[in-house]
Amino acid sequence: MSLPAPKLDAQPDERTTMELGECLPMTAEVIDSHLYIGGVDMVELAKDAGTALYVYDQADLEHRMETYREAFRTRYPNSDIIYASKAFLNKAVCRLVNKHDLCLDVSGGGELAVARAVDFPMERVFVHGNNKTSQELSEAIAAGVGRIVVDSRIEATRVSQIASEVGVTQDIYMRITPGVEADTHEYIRTGCEDSKFGFTMREDFAFKCVGDILDMPNVNLVGFHMHIGSQIFALHSFDEAIKVIVEFAARVKETYGVEVEDIDVGGGLGIAYTAEDKPATIDDFAQVVTDSMKKYCAEYNFKLPRLLCEPGRSMVAVPGVTLYTVGILKTLPGIRKYVAIDGGMSDNIRTALYHAEYEPVIANKANQPRTEIVTVCGKHCESGDAVAIDRPLQHPDLGDIICMFGTGAYCYSMSSNYNGQPRPGIVFVKDGQARMVTRRETYDDLMACDIDADLL
Ligand SMILES: Cc1ncc(COP(=O)(O)O)c(C=O)c1O
């Protein structure tokens, strides 16, 4: 794993923090050169709580939850928002999801366990995954989850067997792969034909499986699901995929006489990771999805189903930032300037994985223009360990506090202990108060699962 070739022509953008527009959490402000979020000074918070540190703007988080609900409900009353907890899950966010009456998508037993720990209503839980283990399925069925999104015929058989043993009938969806190439990075594209997820529509396989599943005892096919990818800017991909899934549901009705109640169009709305990114808004997304659903239901003579969508990134990415301290500066003339931080691929793997882009600022120089091009690299033993590659930054000095914007999704949830790095803590900030909602890991946590077996 290594970095891409240096962008030698990259120019600093001279922007100050507040000129980064949609990359900023809702309550971001600059007071006396310091960055504040939720009324809390990020420089002071870094000193008090240490770095690396995940920080969430709670007001922004809750605002996005409400915006999603309202955007859909006003256009399409019979709709629900399912928060895709794989983007970021701890007990605190799970409680907020419940408070705002959203549903919850869990991808395995661990995420389900978090939901259960905060008494999240199980009827609002949707269970995903392309290879849920029998144990996970048993736990989910016994817990009384609302829907299991079945990914294959093998899994449908398993769900049917387990539900029979428990003596319940489980509501399920089938995840269909609509064959639509979403306009996004190939690593996060999931609805195209070559995908490990869902029932392929090739050779009418998914359609034939509907018949098999309808014959299975103790499962009730109540909906179809699709998810075409993530970080999608081009909303027409959703229109194309909704056409496919509604046509499919209508054909199922015609052939099998079963009209499903729900259609779940997945998540995938993109966000502004950089100031140049121009994603669609939640309202734009809701408009396209609800218009498409109405249009194709009318076209295929299908009654309007309950419409569900499953946002993850567009709910939590922008409200979340990561704070780091600059420990080392290294300039390689004609190549790069490295700014080494006290975190990296262990708290944010996305850049090392697929060269994701982020906007960094220096929280203690937040009013200054970004006059340099730097690579914010991590502290791990990999050359490709970086969080922001060739991005503008204020002039860096040792001890500066870097704030990396847009790290609220798929960072903590994909974090690791590589190089024995304890995971950062998580702080929610709101109205001038900072609340630690997940503590920083300790060295003892690193060894918590080790057993002192007598091997010698
Ligand atoms: C099934 C499913 N639903 C929802 C999501 C959330 O997608 P996003 O975070 O892009 O909104 C994902 C992400 O991979 C997913 O796999």
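**Close-up views of salt bridges, a domain interface and a buried serine**

**View 1. Arg147 and Asp262 form a salt bridge, with their closest N and O atoms 3.0 Å apart.** A salt bridge here is a side-chain nitrogen of Lys or Arg within 4 Å of a carboxyl oxygen of Asp or Glu. The two partners come from distant parts of the chain: Arg147 sits in strand 8 (residues 147-150) and Asp262 in strand 12 (residues 262-264), 115 residues apart. Strands (E, at least two residues) and helices (H or I, at least four) are DSSP runs numbered from the N terminus. Are these partners buried or exposed? Arg147 counts as buried at 12% relative accessibility, and Asp262 is buried at 1%. Buried means under 20% relative accessible area, exposed over 50%, and partly exposed in between, using a 1.4 Å probe and protein chains only.

This is a predicted model, in which local features need pLDDT of at least 70 and side-chain atom pairs count only at pLDDT 80 or more, while totals for chains, interfaces and linings use all residues. Residues are numbered from 1 along each chain as its sequence is written, and side-chain values use heavy atoms, leaving out hydrogens and water.

**View 2. Glu359 meets Arg391 in a salt bridge, the closest N and O atoms lying 2.7 Å apart.** Glu359 lies in the loop between helix 11 (350-354) and strand 16 (360-362), and Arg391 in strand 18 (residues 386-393), so the pair ties together parts 32 residues apart in sequence. Glu359 is buried, with a relative accessible area of 0%, and Arg391 is buried too, at 6%. Which residues join them in a wider network of salt bridges? Lys7, Asp13, Arg15, Glu276, Glu357 and Arg370 are linked with Glu359 and Arg391 in this network. One of its links is the salt bridge between Arg391 and Glu276, with closest N and O atoms 3.3 Å apart. A search of the whole structure finds 30 salt bridges.

**View 3. Domain 1 (17-58 + 317-446) touches domain 2 (59-315).** These bounds come from an automatic or database domain assignment. The domain centres, taken over C-alpha atoms, are 32 Å apart. How many residues take part in the contact? On the domain 1 side there are 30, and they are in contact with 26 residues of domain 2; contact means heavy atoms within 4.5 Å. About 2500 Å² is buried between the domains, 61% of it from carbon and sulfur atoms. In domain 1, Gln58, Tyr354 and Tyr410 lose the most area to domain 2, together 24% of what that side buries. Buried area is the accessible area (1.4 Å probe) that two parts lose on being put together, summed over both. The count between the two domains is one salt bridge.

**View 4. Ser85 is found in the loop between strand 5 (79-84) and helix 3 (91-99).** With a relative accessible area of 1%, Ser85 is buried. Which side chain does the side chain of Ser85 meet in a polar contact? The partner is Glu111, at 3.2 Å. A polar contact is a pair of N or O atoms within 3.5 Å; within protein, one must be able to donate a hydrogen and the other to accept it, and residues adjacent in sequence count only if both atoms are side-chain atoms. Leaving aside neighbours within four places in sequence, Ser85 is in contact with Leu104, Asp105, Val106 and Glu111.
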